[in-house]
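User: I would like to learn how to read the helices of a protein model, and how to tell which of their residues are covered and which face outwards. Could you take me through it step by step?

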Amino acid sequence: MTDTRGPQPQYEGYATGPLPGEREPAPGQAGPYHPPQAYPSPPGGTQGGGRPYGAQQGPGPAQTARKPRTGARTTPRTRKARLRVSKADPWSVMKVSFLLSIALGICTVVASAVLWMVMDAMGVFSTVGGTISEATGSNEGNGFDLQAFLSLPRVLVFTSVIAVIDVVLATALATLGAFIYNLSAGFVGGVELTLAEDE
């Protein structure tokens, strides 16, 4: 097989010049070559030209210092949220009202007992009872005995009955109020509350 292309020209640079590994460095390059970096070096390292990380090019250190913000807000910000009570669960309202009415009934019985003891120690029943017995008395017998009528056991029994009635009525009224609130909230949307939180 014969070559018909004829004589090919020889490239003088590749024929006579040194190989890339045998070339001498340029006169202006004093140290090893550092290629440019697309991203900054990690903290503590150096950037392309030997500058420490974080140093900026500029005429002086005045450009590298950050100036403080003059209009910084120092007062605490208050976050607000508007919520709407759209529905009240009647079962939960009944349980809570039942427990609260029981606590109120116990407080009523205890307060009545303490008040009776204080008034008895001050002599109110004996003074008022004597006056009433003299006013209602006759020649045939004594008048109305207030101390026997307002004895401590009788007062406690009367207060306990009132407390039980209060528990039943308060529980029923609270549950009925929850149903009425749910019906009205379906028309007007319910009660709106604004809650604020201090940071």
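**Reading two helices**

Analyst: Let us begin with one residue of this predicted model: Ser 97 is buried, because its relative accessible area is 11%, and buried means under 20%. The place of Ser 97 is in helix α2, which covers residues 90-121.

User: Which residues does Ser 97 touch, leaving aside its neighbours within four places in sequence?

Analyst: Apart from those neighbours, Ser 97 is in contact with Ala 170, Thr 171 and Ala 174. Thr 171 is itself listed among the buried residues of α5, a helix that runs over residues 152-188.

User: What do the buried residues of α5 pack against?

Analyst: They pack against α2, and Thr 175 serves as an example: this residue of α5 is buried, with a relative accessible area of 13%, and, not counting residues up to four places away in sequence, Thr 175 touches Pro 90, Val 93 and Met 94. Seen from the other helix, what covers the buried residues of α2 includes α3 (124-136) as well as α5.

User: How should I read the spacing of buried residues along a helix?

Analyst: The general idea is that an α-helix has 3.6 residues a turn, so residues three or four places apart point the same way. With that in mind, look at the buried residues of α5, among them Val 155, Thr 159, Ala 163, Val 167, Thr 171 and Thr 175, and then at those of α2, which include Ser 97, Ser 101 and Gly 105.

User: Is Ile 102, then, buried or partly exposed?

Analyst: Ile 102, which also lies in helix α2, is partly exposed, with a relative accessible area of 31%. Ile 102 belongs to a nonpolar patch on the surface, formed together with Phe 98, Leu 99, Ile 106, Val 110, Val 114, Val 118 and Met 122, and the patch has about 750 Å² of accessible area.

User: How is the length of a helix such as α2 compared with what is expected at 1.5 Å a residue?

Analyst: One takes the distance from the first C-alpha to the last, which for the 32 residues of α2 is 46 Å, close to the 46 Å expected. For the 37 residues of α5 the span should be 54 Å, and the end C-alpha atoms are 51 Å apart, which agrees.

User: And which residue follows each helix?

Analyst: After α2 comes Gly 123, whose phi is positive, near 80 degrees, while α5 is followed by Gly 189, with a positive phi near 100 degrees.

Technical notes. Residues numbered from 1 in each chain as written. Predicted model: local features only at pLDDT ≥ 70, side-chain atom pairs only at ≥ 80, totals over all residues. Heavy atoms only, no water. Patch = residues over 30% accessible without salt bridge, like charges linked within 9 Å, V, L, I, M, F, W, Y side chains within 5 Å. Areas by Shrake-Rupley, 256 points an atom, 1.4 Å probe, with all protein chains shown as cover. Salt bridge = Lys/Arg side-chain N within 4 Å of Asp/Glu carboxyl O. Helix = DSSP H or I, 4+ residues; strand = E, 2+ residues; numbered from the N terminus. Buried < 20%, exposed > 50% of the residue type's maximum accessible area, 1.4 Å probe, protein only. Contact = heavy atoms within 4.5 Å. Expected span 1.5 Å × (residues − 1).
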